[in-house]
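Please open the structure in your viewer and keep the sequence panel beside it. The tour below proceeds by selection, with a short account of what is found at each stop.

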Amino acid sequence: MSNISYYSPEGLKKLKDELIHLEQVERPRVTQEIADARDKGDLSENAEYHAAKEEQSHLETKIAKLKNVVANARILDESQLDTSKALIHSNVKIKNTTNGMEFTYRLVADSETDVRKGKLSVNSPIGKGLLGKKVGEVAEIKVPNGIMKFEIVDISR
């Protein structure tokens with residue numbers, strides 16, 4: 001089953017660049033490590049060989065997952081989005097109703113998430129709770145510590 005995800009052009013380019021790096025740099029490196037370890041003799045007791053084979057397995061799994069993500073990625077045409085609601089690629093300014101602190105987040109796909117840069121996944125509890133809300137609405141979001149309430153202060157692109 002495919003999960004379509006929406007990305008900014010920069011986010012999709014970053015994914016594709018990572019895939020190219022894994023396929024063209026990391027895969028040959030691991031293959032060479034396996035060949036070097038194989039040349040050292042008895043494979044049954046060769047820790048380097050087994051470690052390289054395990055690394056190859058992890059790398060191939062990562063490549064397969066990333067290929068699936070890229071295959072199901074779509075670039076979002078932000079000009080077609082409703083600016084009155086919090087949607088993916090919206091900049092949402094929220095206020096914690098308990099302590100009055102304000103935060104601004106850009107709602108993004110999982111692979112573009114970087115909370116330190118204000119990019120919050122639409123699949124995170126807070127991201128899910130903000131989706132579809134309008135300015136002035138209060139989002140009640142279940143987090144591990146209980147329920148948090150955030151007022152939507154502003155939505156922009």
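The stops that follow run from the N-terminal part of the chain to the sheet and then to the core.

The coordinates are those of a predicted model.

**Stop 1: residues 6–75**

Select residues 6–75, where UniProt, in an unreviewed entry, places the feature "domain: Transcription elongation factor GreA/GreB N-terminal". Over this span the chain is 79% helix and 7% strand. The C-alpha atoms at its two ends are 6 Å apart.

**Stop 2: the loop between H1 and H2**

Now select Asn46, which is found in the loop between helix H1 (9–38) and H2. Is Asn46 buried or exposed? Its relative accessibility is 8%, so Asn46 counts as buried. The side chain of Asn46 reaches the backbone nitrogen of Tyr49 at 3.0 Å. Leaving aside residues up to four places away in sequence, Asn46 touches Ala37 and Lys40.

Move next to Glu48, in helix H2 (residues 47–71). With the same exclusion of residues up to four places away in sequence, Glu48 touches Ala37 and Lys40. The side chains of Glu48 and Lys40 are joined by a polar contact of 2.8 Å. Glu48 has a relative accessibility of 48% and therefore counts as partly exposed. To see how H2 is placed against the preceding part of the chain, display the C-alpha atoms of Glu48 and Glu33: these residues are 15 apart in sequence and 8.2 Å apart in space, C-alpha to C-alpha.

**Stop 3: residues 84–156**

Change the selection to residues 84–156, the range covered by the UniProt annotation "domain: Transcription elongation factor GreA/GreB C-terminal", again from an unreviewed entry. This span is 8% helix and 45% strand, and its end C-alpha atoms lie 8 Å apart.

Within this range, select His89, in the loop between strand S2 (73–75) and S3. Most residues other than glycine have a negative phi. His89, which is not a glycine, nevertheless has a positive phi of about 75°. At 1% relative accessibility, His89 counts as buried.

**Stop 4: the sheet**

Show the strands as a cartoon. In what order do the 5 strands of the open sheet stand? The order is S5-S4-S3-S7-S6, and the pairing is mixed. Strand S5 (119–121) and strand S6 (138–143) stand at the edges; each has a single partner strand, so one side of each is left without a neighbour in the sheet. On average, neighbouring strands of this sheet are turned by 45° against each other, direction ignored.

Begin at the S5 edge. Strand S4 (residues 102–108) runs parallel to S5, and 3 bridges join the two. Select Leu107 to find Leu120 of S5 opposite, then Val108, whose bridge partner in S5 is Ser121.

Continue to the pairing of S3 with S4, which is antiparallel and has 5 bridges. Here Ile94 stands opposite Phe103 in S4. The hairpin of S3 and S4 has 5 residues between the strands; select Gly100 in this hairpin, which takes a positive phi near 80°.

**Stop 5: Asn96**

Select Asn96, which lies in strand S3 (residues 91–96). What does the side chain of Asn96 approach? A polar atom of that side chain lies 2.8 Å from the backbone nitrogen of Thr98. Not counting residues up to four places away in sequence, Asn96 touches Met101, Met148, Lys149 and Phe150. Its relative accessible area is 7%; because values under 20% count as buried, Asn96 is buried.

**Stop 6: the nonpolar core**

For the last selection, display side chains. In soluble globular proteins, nonpolar side chains tend to be buried together. The largest nonpolar core of this model has 32 residues, and those with the most contacts inside it are Val92, Ile94, Leu107 and Leu130. Two of these residues have already appeared on the tour: Ile94, opposite Phe103, and Leu107, opposite Leu120.

Which elements supply at least two residues each to the core? They are H1, H2, S3, S4, S6 and strand S7 (146–156). H1 provides the largest share, with 7 residues. Colouring the core by element will thus show contributions from the helices H1 and H2 alongside those from strands of the sheet.

Key
Residues are numbered from 1 along each chain as its sequence is written. This is a predicted model: local features need pLDDT of at least 70, side-chain atom pairs count only at pLDDT 80 or more; totals for chains, interfaces and linings use all residues. Side-chain values use heavy atoms; hydrogens and water are left out. Helices (H or I, at least four residues) and strands (E, at least two) are DSSP runs, numbered from the N terminus. Buried means under 20% relative accessible area, exposed over 50%, partly exposed in between (1.4 Å probe, protein chains only). A polar contact is a pair of N or O atoms within 3.5 Å; within protein, one must be able to donate a hydrogen and the other to accept it, and residues adjacent in sequence count only if both atoms are side-chain atoms. Contact means heavy atoms within 4.5 Å. Two strands pair if DSSP finds at least two bridges between them. Axes are lines fitted to C-alpha atoms, for helices over the stretch in contact, and angles run from 0 to 180 degrees between N-to-C directions. UniProt positions are given in the numbering used here, feature names are shortened, and annotations may be inferred rather than shown by experiment. A nonpolar core is a set of buried Ala, Val, Leu, Ile, Met, Phe, Trp, Tyr and Cys residues joined through side-chain atoms within 4.5 Å.
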